[in-house]
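Trainee: Got a minute to go through a model with me? I'd like to start with packing and then get to the sheets.
Mentor: Sure, put it up.

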Amino acid sequence: MAAERSAQVLIASNRGPVAHSFTDGGALLARRGGGGLVSGLSALGPEAGAVWTCAALGDADREAAGRAGPRLDPQDTGGQAVRMLDIPAEVLDDAYAGVANSVLWFVHHLLYQTPLEPAFGADFARQWEAYETYNATFAEALAQEAAEGAAVLVQDYHLTLVPALLRERRPDLRIGHFSHTPWAPPDYYRLLPDDTATAVLRGILGADRAAFLTRRWAAAFAACCAEVLGAEVTPSPDAPDPSNPSDAPEDVFRIRHAGRTTRIGVHGLGADGEFLRERAHRADVTDRLSRLRAEIGGDERRTIVRVDRTELSKNIVRGLEAYRCLLTEWPEWRGRVVHLALAYPSRQDLTVYRDYTAEVGRVAERINADFGTPDWTPVVLHVQDDFARSLAAYRLADVALVNPIRDGMNLVAKEVPVVSDAGCALVLSREAGAHVELAGDALTVNPYDVRATARALHEGLVMGPEVRTARTERLAAAATALPPSEWFLAQLRALGG
Ligand code: G6P
């Protein structure tokens, strides 16, 4: 049994730093999770004694969690103390797929087609109850493990109720919440049933400090608190108070509600430059690079690259339509450019995601049928998740297309300039959080404006090599200014840890 109330720093997130699967022979295999969240949150290293609580997300995770007792085998986690909660599959499904991915994600990314959706009926009532149970399970586990006065960093829209539930159980703790998504503006947020809208805000306000990736998302959260809860929002004093070490300069607002004050902060998240540069020159990436070059065909051909999960918010279909528009309105590019689209399936247990993945495939095929020639395939689409291939694509891109409808940050926009071999023009949606830091050297687009996106692709393709190289260097510097480790440590400092 893990020591009760012994952890000084705790992290809580739905997806943890390790995922399990079964081998063909039925043995359990542990794999380290990827992405900015994992590398950022791992920054303290196992020696700091942080305990990471996450959910078992499938049968293999469940078996590993069941076998391990309160903590996973440290050999499988690089020494990180991980507690994987075995939440019943029906509860997890309703909370994660039902509420978090199908409702909260949709609201914050403005994904509903409102004449038909959302319609909150009996199914939602059941799912919401599961979401409460799932959040309470996390709060209970954290309350058991946290030492007196410990810092707890709760992550994302899956766990919005945890801060308030944890505070009820353990008022001594310092609690932070971080949102990795955008936050919806009040009119859109109010699509949620009133009690849900209220519960989510009150849940997060249970934290001492709630933080966001950009000031825009923080301001939207504050506006929702003012409109939905009638909370009092005041700007934070600009300069930190030197007599109060926990008064971090990244604080932007204070929100007063129900007798408590919650500080609202902003922490951008950058690319891990050192790791990416080293990783992008390993043999597996070089090997993928030659294969991609062969698929593109011809050294003179230019390449427009995108790398995404097939996520509705990534706007892949409009990106393909913009490419079609480029070939139509600037026919000189026919045969001289290839759109390399790496679109890795995500959340395929949800019908709407499966349909979207299929639509991406259909649109790509139609472009190839309409424009392709025996020696030119206009769109090369890969759907098999492969990190080495993504890095190879970053290296050879002439233009990177990052056009999300909305995105909390978007790390692809930050990773491409860091890894690019010969400089890359970045076509970037103004609705991505990363746009705040990269706008000066990117080609900004409105993600709904297909024709303007086509024009930006053309501008990227004709950008002279000196301009492109200079812009890429500045983009890479901006992209790595906030390394993931600093992002995590800054949050901890801001909580007074
Ligand atoms: C993206 C978002 C995160 C979110 C994660 C969940 O990375 O930026 O905010 O936590 O997706 O993805 P999952 O595959 O766990 O549903």
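Trainee: What covers the buried residues of helix 2?
Mentor: This is a predicted model. In it, the cover over the buried residues of helix 2 includes strand 2 (18-22), strand 3 (28-32) and strand 5 (81-85).

Trainee: And which residues of helix 2 are buried?
Mentor: Helix 2 spans residues 59-68, and its buried residues are Asp61, Arg62, Ala64 and Ala65. They cover an arc of only 165° around the axis, so they sit on the same side of helix 2.

Trainee: Which exposed residues are on the face turned away from that buried side?
Mentor: Asp59, Gly66 and Arg67.

Trainee: What follows helix 2?
Mentor: Gly69, with a positive phi near 80°.

Trainee: Switching topic. How many residues are in the largest nonpolar core?
Mentor: The count is 151. Leu10, Val152, Phe221, Leu426, Val427 and Leu428 have the most contacts inside this core.

Trainee: Which helix gives the most to this core?
Mentor: Helix 3 (residues 89-108), with nine residues.

Trainee: Where does the core lie relative to the domains?
Mentor: Between domain 1 (7-269 + 485-495) and domain 2 (273-479), because both give residues to this core.

Trainee: Back to Val427. What is Val427 in contact with, leaving aside neighbours within four places in sequence?
Mentor: One run of partners is Val399, Ala400, Leu401, Val402 and Asn403. The others are Leu443, Val445, Thr453, Ala456, Leu457 and Gly460.

Trainee: Now the sheet of six strands. What order are the strands in?
Mentor: The order is 14-13-12-15-16-17, the pairing is parallel, and the sheet is open. Strand 14 (379-382) and strand 17 (443-445) are the edge strands, each pairing on one side only. From one strand to the next, the twist averages 20°.

Trainee: How many bridges do strand 12 and strand 13 pair over?
Mentor: Eight, in the parallel sense, between residues 302-309 of strand 12 and residues 337-344 of strand 13. As one example, Val305 has Leu340 in strand 13 as its bridge partner.

Trainee: Which strands does helix 12 touch where it packs on the sheet?
Mentor: Helix 12 (residues 351-371) touches strand 13 and strand 14. The direction of helix 12 makes about 155° with that of strand 14.

Trainee: And helix 13, which strands does that one touch?
Mentor: Helix 13 (residues 387-396) also packs on the sheet, touching strand 12, strand 13 and strand 14. The angle between the directions of helix 13 and strand 12 is about 145°.

Note on methods: Residues numbered from 1 in each chain as written. Predicted model: local features only at pLDDT ≥ 70, side-chain atom pairs only at ≥ 80, totals over all residues. Buried ≥ 20, exposed ≤ 12 C-beta atoms within 10 Å, placed from the backbone. Helix = DSSP H or I, 4+ residues; strand = E, 2+ residues; numbered from the N terminus. Arc of directions from axis to C-beta. Contact = placed C-beta atoms within 7 Å. Core = buried A, V, L, I, M, F, W, Y, C linked by C-beta atoms within 7 Å. Domains from an automatic or database assignment. Pairing = 2+ DSSP bridges. Axes fitted to C-alpha atoms, helices over the stretch in contact; angles between N-to-C directions.
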